Every structure is written in structure tokens, then in C-alpha cells.
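Trainee: I want to know what stands behind each label. May I ask as we go?
Mentor: Go ahead. Here is the model.

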Amino acid sequence: DPFVAFHVNKALVRKYMSSLLIGELSPEQPSFEPSKNEALTHEFRELRAAVERMGLLRSDHLFFLLYLLHILLLDVAAWLTLRVFGTSLVPFLLCAVLLSVVQVQAGWLQHDLGHLSVFSTSTLNHLLHHFVIGHLKGAPASWWNHMHFQHHAKPNCFRKDPDINMHPFFFALGKVLSVELGKQKKKYMPYNHQHKYFFLIGPPALLPLFFQWYIFYFVVQRKKWVDLIWMLTFYARLLLTYVPLLGLRAFLVLFLIVRFLESNWFVWVTQMNHIPMHIDHDRNVDWVSTQLQATCNVEQSFFNDWFSGHLNFQIEHHLFPTMPRHNYHKVAPLVQSLCARHGIAYQSKPLLAAFADIVHSLKESGQLWLDAYLHQ
């Protein structure tokens with residue numbers, strides 16, 4: 001199921017997998033492990049076949065072209081703001097806001113390309129992925145692929161999903177892991193206050209204080225020189241266009257403000273679908289259950305779709321990661337019906353409620369840790 005979900009050219013990928021074949025399962029052996037829901041899996045495979053027949057895995061290239069153009073226009077508008085209105089405080093801050101929007105929206109677009117959901121061939125997706133994440137954002141495509149596909153394969157599974165690596169050194173995540181940490185008498189941070197210090201070391205700090213230097217460490221350590229060249233074109237373009245207007249010192253201030261605003265936007269959106277959900281060790285459940293227990297949706301609206309890059313449809317995205325985002329709303333009713341038939345909760349909530357649930361879940365897991373730490 002994950003093999004089918006991740007790849008658009010399955011015949012090509014199978015050639016690379018032939019060397020990994022170690023044997024065939026005997027006919028008399030059961031094809032499903034007891035921990036996996038066979039009925040749910042079979043019905044989901046029927047749903048996927050229907051989705052393919054309906055053409056929901058084919059993208060509308062005009063949608064993505066217009067999306068890219070709106071990013072490029074905002075990028076030019078940010079520069080023109082300083083060029084036309086000068087570098088006083090108001091134009092400076094407006095420029096920072098526009099550049100932050102560019103960075104976030106380019107982040108959502110590179111996410112589409114990284115998932116191979118824009119073009120029918122991997123080559124075209126990868127090429128434009130390098131341009132968007134490398135030249136428009138200054139980050140390496142190889143790093144995103146390395147991290148993000150681990151997340152999709154095992155979302156919210158401790159030691160397998162890198163997105164929850166902040167447990168246990170910064171946060172105690174999930175009811176199961178928090179109690180386990182408390183029983184072990186481990187205290188790397190005052191977790192019962194994590195819902196408060198999240199506002200200091202979570203949204204504002206992730207990009208400026210961690211990702212900004214780690215991506216360079218990643219490409220140099222792994223010798224990803226093509227990624228490094230793409231990244232350098234991003235910094236060269238910014239320096240050549242903004243330093244003549246602002247000077248180096250003011251440019252650095254602008255860049256830090258942009259990364260700060262982008263970081264807040266990025267963290268709240270990406271965590272609203274996962275942190276409040278089930279977080280545990282890998283229990284070897286089936287693909288569909290793995291995705292559904294780790295994801296929730298945010299209600300659809302034009303603003304929510306744009307603001308989150310359609311990641312308000314996180315359930316559908318995780319079940320069909322190569323599906324173009326403009327089709328999520330079409331498959332959502334089918335997924336809801338599947339969940340209803342199998343008694344699985346399909347959570348969808350307002351945007352602000354989803355943000356609040358991040359804090360509520362951190363407070364709850366922090367309290368569970370404290371109770372276990374003191375009394376178990």
C-alpha cells in the first residue's frame with residue numbers, strides 16, 4: 001500500500017527493488033498479520049482503484065501554473081515595495097510580510113512537487129522541485145525527501161517519524177509516550193509547562209534557529225552539491241536585489257524577520273494535523289489505520305485552502321500523497337464513508353480550534369507525564 005501510494009512510475013521503481021527480493025510467501029501462509037485490518041485494507045484498495053478511474057490522480061497544470069505565478073508576483077511586489085516607496089519602517093515591514101507569504105506559499109508548492117503530484121513523470125516533478133525549494137526557498141530537495149517520506153511512511157511513530165523527534169528532549173508527546181517517560185523518571189524539560197514554552201521554542205525558533213543552519217550541514221555532510229548550488233542561487237539573488245537598497249545590516253534584519261514570520265506560519269499549520277492525534281511506538285498496523293490515527297482535517301474554505309496549502313485536507317493527503325491538492329475535496333466524501341463503515345473517527349475542525357488543540361494536547365500530555373513521574 002505505501003509502495004502504491006508513493007510512486008507514480010511503479011514499473012521503473014520495481015526495477016530498483018528487484019535486488020531486494022528475498023523470497024515469496026508460501027501459498028498456505030496468511031497474507032495478513034493479525035495486527036492489520038484486512039477488511040479495511042481491501043476496501044481502501046477498491047477505493048483507490050475507483051479514484052484512479054475517476055481521474056483524481058491527474059493534475060490540472062493550469063492550477064499549478066497560476067499558483068507559481070502568484071508566488072513570483074508577490075516576490076516581485078516585495079522588491080518593488082522598497083524600490084518605489086523607500087526603505088522606511090512601513091515599506092520595510094510590508095516587504096517582510098510579502099516575502100514571508102512567498103516563502104510559505106513556495107513551501108506548499110515544493111511539497112506538491114516533492115510528492116510527484118504536479119506532473120505525470122518523476123523527472124519533471126524533481127526538476128521543478130529543485131527550482132522551487134532550492135532557488136525560491138534556499139533549501140535542499142534531498143533533505144526534504146529524506147525527512148518527509150519517513151514521516152509519511154510512519155506518521156507519529158516514535159523513532160520512525162522524524163517530525164516527532166522533539167520527543168523526549170524538548171516535549172513529551174502523546175498520551176502513551178508521555179506516561180512511559182514519566183514511569184521511567186526521565187525529565188529533560190519541565191514537560192508540565194511545555195504548553196507555555198512551546199510559544200518560545202516551537203513556532204518562532206524552528207526555522208531561524210534550527211533549519212537555517214541544519215540544511216547546510218545536511219548538504220555538505222551528504223555531498224549533495226547540486227542542492228547546494230540551487231540553494232546558493234537563492235542567497236545570491238536576495239543579496240543582489242536587496243543589499244543595494246538596504247545595505248547588508250538592514251538586509252540581514254529583513255531576512256531574520258522573514259524567517260521568523262515564516263516559521264510561525266509553518267509550525268502552526270504543519271502541527272495542527274498531527275500533534276493532537278495519536279502518537280505511539282510503531283504497532284505494525286495496516287497502512288490506512290496508520291494514516292487515519294495520525295491525521296485530522298481542518299474545515300474547507302478558500303482562505304483555509306490557501307493558508308495551509310490544502311493541508312487542511314491532511315487525511316486525504318496522507319492516504320493519497322500523489323493526488324493533486326485541488327482534488328482533495330472531491331475524494332473527501334468517499335474517505336468519510338469508508339471511515340463511517342469501519343467505525344473510524346474522521347476528525348475535521350475549524351482552523352482556530354485546530355491551533356488551540358496543539359496547545360491543549362501539549363498541556364494534557366505534560367500533565368500525564370507529571371502524574372506518572374510523581375506517582376507511578
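Trainee: Where does UniProt place the feature "domain: Fatty acid desaturase"?
Mentor: This is a predicted model. The UniProt record, an unreviewed entry, puts that feature at residues 90-348. Treat the label with care, because annotations may be inferred rather than shown by experiment.

Trainee: What is the helix and strand content of residues 90-348?
Mentor: The span is 64% helix and 1% strand. Its end C-alpha atoms lie 38 Å apart.

Trainee: What makes a space a cavity here, and how many of 30 Å³ or more are there?
Mentor: A 1.4 Å probe must fit but be unable to get out. By that rule there are two cavities of 30 Å³ or more. The largest holds about 100 Å³. The second largest holds about 40 Å³.

Trainee: Which residues are closest to the centre of the largest cavity?
Mentor: Leu 99, Phe 234, Leu 238, Phe 255 and Val 258 are closest, out of 13 that line the cavity. Helices H5 (89-114), H11 (225-246) and H12 (248-271) each supply at least two lining residues. H12 gives the largest share, with five residues.

Trainee: How do the linings of the two cavities divide by class?
Mentor: For the largest, count nine nonpolar, one polar and three charged residues. For the second largest, count two nonpolar, five polar and two charged.

Trainee: How do you know which residues in the second lining are charged and which are nonpolar?
Mentor: Set the list against the classes. The lining is His 151, Asn 156, Asp 161, Asp 163, Ile 164, Thr 270, Gln 271, His 274 and Ile 275. Asp counts as charged and Ile as nonpolar, so Asp 161 and Asp 163 are the charged pair, and Ile 164 and Ile 275 the nonpolar one. His is in neither of those classes, so His 151 and His 274 count as polar.

Trainee: Why is the contact between Asp 112 and Arg 325 called a salt bridge?
Mentor: The N to O distance is 2.7 Å. The cut-off is 4 Å between an Arg nitrogen and an Asp carboxyl oxygen, so the pair qualifies. The structure holds 13 salt bridges.

Trainee: What does the pair tie together?
Mentor: Asp 112 lies in helix H5, and Arg 325 in the loop between helix H15 (314-319) and helix H16 (328-341), so the pair ties together parts 213 residues apart in sequence.

Trainee: Which residues make the nonpolar surface patch?
Mentor: Leu 62, Leu 65, Leu 66, Leu 69 and Leu 72 make a patch of about 430 Å². Leu 66 sits in helix H4 (residues 61-85).

Definitions and conventions: Residues numbered from 1 in each chain as written. Predicted model: local features only at pLDDT ≥ 70, side-chain atom pairs only at ≥ 80, totals over all residues. Heavy atoms only, no water. Helix = DSSP H or I, 4+ residues; strand = E, 2+ residues; numbered from the N terminus. 1 Å grid on protein atoms, 1.4 Å probe; cavity = no way out; pocket = protein on both sides within 12 Å on 5 of 7 lines; lining within 4 Å. Points joined across faces, edges and corners; volume = space filled by probe spheres on them. Patch = residues over 30% accessible without salt bridge, like charges linked within 9 Å, V, L, I, M, F, W, Y side chains within 5 Å. Areas by Shrake-Rupley, 256 points an atom, 1.4 Å probe, with all protein chains shown as cover. Salt bridge = Lys/Arg side-chain N within 4 Å of Asp/Glu carboxyl O.
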